Amino acid sequence: MFPFYKQQHAADYGSACLKMIAKHYGRPCAGLKVALPDRTGTSQGSLNDISKAAEELGFQTLGAKMSFAKLAKEATLPCIAQWQQQHFVVVYGFSKPRFRNKEHIRTSVLVADPALGLVTYPYEEFLAGWLVERPAGVSQGNVLLLEPTPALYLDKEFDPEQKVGLKQAFAYLLKYKPLLVQLLLGVFIACGFQLILPFLAQSVVDVGVNTHNISFVYLILIAQVTLFISQNVVDFIRGWIILHISSRINVLILSSFLSKLLRLPVSFFDVRQMGDIMQRFHDHERIEVFLTNTPQATLFAALNILVFGAVLCIYDTTIFFVFLIGTIAYVVWAIVFLKRRREIDALRFKAQSRNQGAIIQLVQGIKEIKLANSERQKRWEWEKIQASLFKINYEGLAAVQYQKAGAVFINEGKNILITFLAAKAVINGHITLGAMLTVQYILGQLNKPVEQIILFTQTWQDAQISLERLDEIHALEDEETAPELSLQMLPADRSVSLKDVDFAYPGSEARLVLCGLSLHIPAGKTTAIVGASGSGKTTLLKLLLKFYEPIHGKIQAGHINLSQISQEAWRRECGVVTQEGFVFSDTIARNIAVGEEQPNIDRLLHAVHIANIAEYMESLPLGLNTRIGNDGSGMSQGQRQRLLIARAVYKDPAYLFLDEATNALDTENESAILRNLEEFMRGRTVVVVAHRLSTVRNADNIVVMNQGIITEQGTHDELIRRRGYYFSLVKNQLELEA
């Protein structure tokens, strides 16, 4: 029976849905609190809120629009479905399938409705409540797919420092219980086949050969072929099951790590090397191997050791104890090297991170490298990294060789001694020749499982190290640490104020970039920030965008502290053009309407007009649907900058932040865009950072900064009359204009 929780009030359907799914995956729901923002908006907005709450609980989520056929065949259940455009329910199963017109149709859908209870909807009735008619004529519905991660089973309320370990990592396997049961059954069957084979071999020698009974030999041969085929079929099925589970777990671990990265503040990426981040993506492979291949292989090995060890003990206790002592020595010898393996792994990770970063830098900086004729120097730098990596790999190989040499000595010495003891037992008449062959076969079957146990200890260590590295990232605080406590609506007063703000970048706290900064940015007005390079203009903009928090003082939006406003809610109302604006490898339309699956055509055309990029769009064969390369390759710097302006305009924001937004434009384009922007900015709170006089002279207030402090402010005419620092900044431009 699927767990059910009734919603406490009309807006509590999201919490109820999540509680039901959490309970389904074994997460205790006593005291579980799922806080969803109380805000008005579209149903899609509510789906996003549920997704955020689910990820805070420990789920990995994916919002999607899909047809019923795809929902029935491919969706991970249970999932949350949008119902009648204003409600959400949990789809947790389907009745038995039937076929109609060669299409796979589900007769009914099993639904947990927080308002009604557990309901079974007929096929047509479910479609009527779920599907949304799309403009293209394809009927689809909105769903939120959820996958549990180990974080779901951590109790952060009682142990905030609790980390994801191997025990919690096995939670990835919990949702595959039916497949795991099949896998375990396959292991036991394979172990049974392995047990029968040595007895068949013994009977061939002791019965078939000694009695010259060829018919018996044929019979045993048929039995061996049958067992061989059956064993391969079982192994084939096990392989497919492992492939299915490992592929899903691989995506889950990677997606969970990527989700965490996207929730981290910008400051994390400013201080962390790209190679280090990229290298951590490879750690998921070791965790995946440990979770999927290693457990079933180790279980199979343990069963083989127990079964064949018992059989060996029955044949000859002396031989069994020799094997046992040799195996213990073999395992202890391997464990001795685990500490050294961990040290080498840490060194290798750092070297590979540097190597990854160097390669990224070579590819991204190839134009500058060629312009500076520094190909040879950059290649030498890369080769130095390779030399250090080779040295570490050499040390790792040496440790492996020492371990292997000792292991071979112990293992082969044990095998030789057992062979001698078995031969002596045959000569003394204690066992038959067939029994001796069986002992040799059993010995071969036991050696491989022992090696598997050694491999288990090594993959266990590798997975533990990888989890520790990933947990370093997961343990970091999210950019928005308490979204349920953050305000989702902005105040009516659109002004922004800074009071005694001090700021220094992480790692350089001794050097303040902003010192005691106090500034009022009035609502509906344009405020320009000017100053020499390094005066703190862009840093001020980053604080206003909540990329960083001031180390002292406060920033307010209206009468509310900016830190109390949700990151998402604040940035939803901010249109931004920065010097580092990024262009994605996608169509021009999706580059302007970032994050929207179906861009609004009217808003797109309006943004294109404001950015004065319509003529360029019309010259392209596919217009707005033309794909552009990474970082805007194929576009000039001016075209790229106009695209970024169009992106900011498309959001129709209450706040507009422009950082050197027209510095790459020619005079004609700049004049046209400034005229268009003048109309667009009317009634909006605008902050402009620029050096060009043409960009700032019409601002309602010009703030002049120098070395992190405000030296003067006023209108352009007022500042020119003062003939102060602002006048010295722009006098060359004034002379040119004169």
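How many salt bridges does the structure hold? The structure holds 22 of them, counting a salt bridge as a side-chain nitrogen of Lys or Arg within 4 Å of a carboxyl oxygen of Asp or Glu.

Before you start: this is a predicted model, where local features need pLDDT of at least 70 and side-chain atom pairs count only at pLDDT 80 or more, while totals for chains, interfaces and linings use all residues. Residues are numbered from 1 along each chain as its sequence is written, and side-chain values use heavy atoms, with hydrogens and water left out.

**Exercise 1. Work out which parts of the chain the salt bridge of arginine 280 and glutamate 472 links, and how covered each partner is.**

Step one: get the distance. The two side chains meet at 3.3 Å, N to O.

Step two: place the partners. Arginine 280 sits in helix 9 (residues 274–281) and glutamate 472 in helix 15 (residues 433–474), so this pair links distant parts of the chain, 192 residues apart. Helices here are DSSP runs of H or I with at least four residues, strands are runs of E with at least two, and both are numbered from the N terminus.

Step three: check the cover. Buried means under 20% relative accessible area, exposed over 50%, and partly exposed in between, with a 1.4 Å probe and protein chains only. Arginine 280 is buried because its relative accessibility is 4%, whereas glutamate 472, at 44%, counts as partly exposed.

**Exercise 2. Do the same for the bridges aspartate 586 with arginine 590 and glutamate 679 with arginine 682.**

Start with aspartate 586 and arginine 590, whose side chains meet at 3.2 Å, N to O. Aspartate 586 has 19% relative accessibility, so it counts as buried; arginine 590 is partly exposed at 37%.

Now take glutamate 679 and arginine 682: their closest N and O atoms are 2.4 Å apart. Glutamate 679 is exposed at 51%, and arginine 682 is exposed too, with 54%.

To finish, look for bridges that share partners. Asp283, Arg286, Arg341, Asp345, Asp462 and Arg469 are joined that way into one network.

**Exercise 3. Test whether the length of helix 14 fits its residue count.**

First, the count: helix 14 covers residues 375–427, which is 53 residues. Next, the expected span, which is 1.5 Å times one less than the number of residues. That gives 78 Å for helix 14, and the end C-alpha atoms are 74 Å apart, which agrees.

Then look at what flanks the helix. Just after helix 14, glycine 429 takes a positive phi of about 80°. On the other side, asparagine 373 lies in the loop between helix 13 (366–371) and helix 14. Its phi is near 55°, a positive value in a residue other than glycine. Asparagine 373 counts as exposed because its relative accessibility is 64%.

**Exercise 4. Find the cis peptide bond and say where its proline lies.**

The bond joins leucine 77 and proline 78, with omega about 0°. Proline 78 is in the loop between helix 3 (68–74) and strand 2 (79–83).

**Exercise 5. Find what glycine 186 packs against.**

Locate the residue first: glycine 186 is part of helix 6 (residues 177–209). With 6% relative accessibility, glycine 186 counts as buried.

Now list its contacts, meaning heavy atoms within 4.5 Å. Leaving aside neighbours within four places in sequence, glycine 186 is in contact with Val234 and Arg238. As for arginine 238, it is 52 residues away in sequence but 6.6 Å away in space, C-alpha to C-alpha.

**Exercise 6. Describe the largest nonpolar core and one of its central residues.**

Begin with the term: a nonpolar core is a set of buried Ala, Val, Leu, Ile, Met, Phe, Trp, Tyr and Cys residues joined through side-chain atoms within 4.5 Å. The largest one has 48 residues, and Ile588, Leu624 and Leu643 are among those with the most contacts inside it. Helix 21 (residues 637–650) gives the most to this core, with 7 residues.

Zoom in on isoleucine 588. Not counting residues up to four places away in sequence, isoleucine 588 touches residues including Tyr616, Leu620, Leu624 and Leu643.

Last step: look elsewhere. Another core, of 31 residues, lies apart from this one and includes Leu498, Leu517, Ile555 and Val703.
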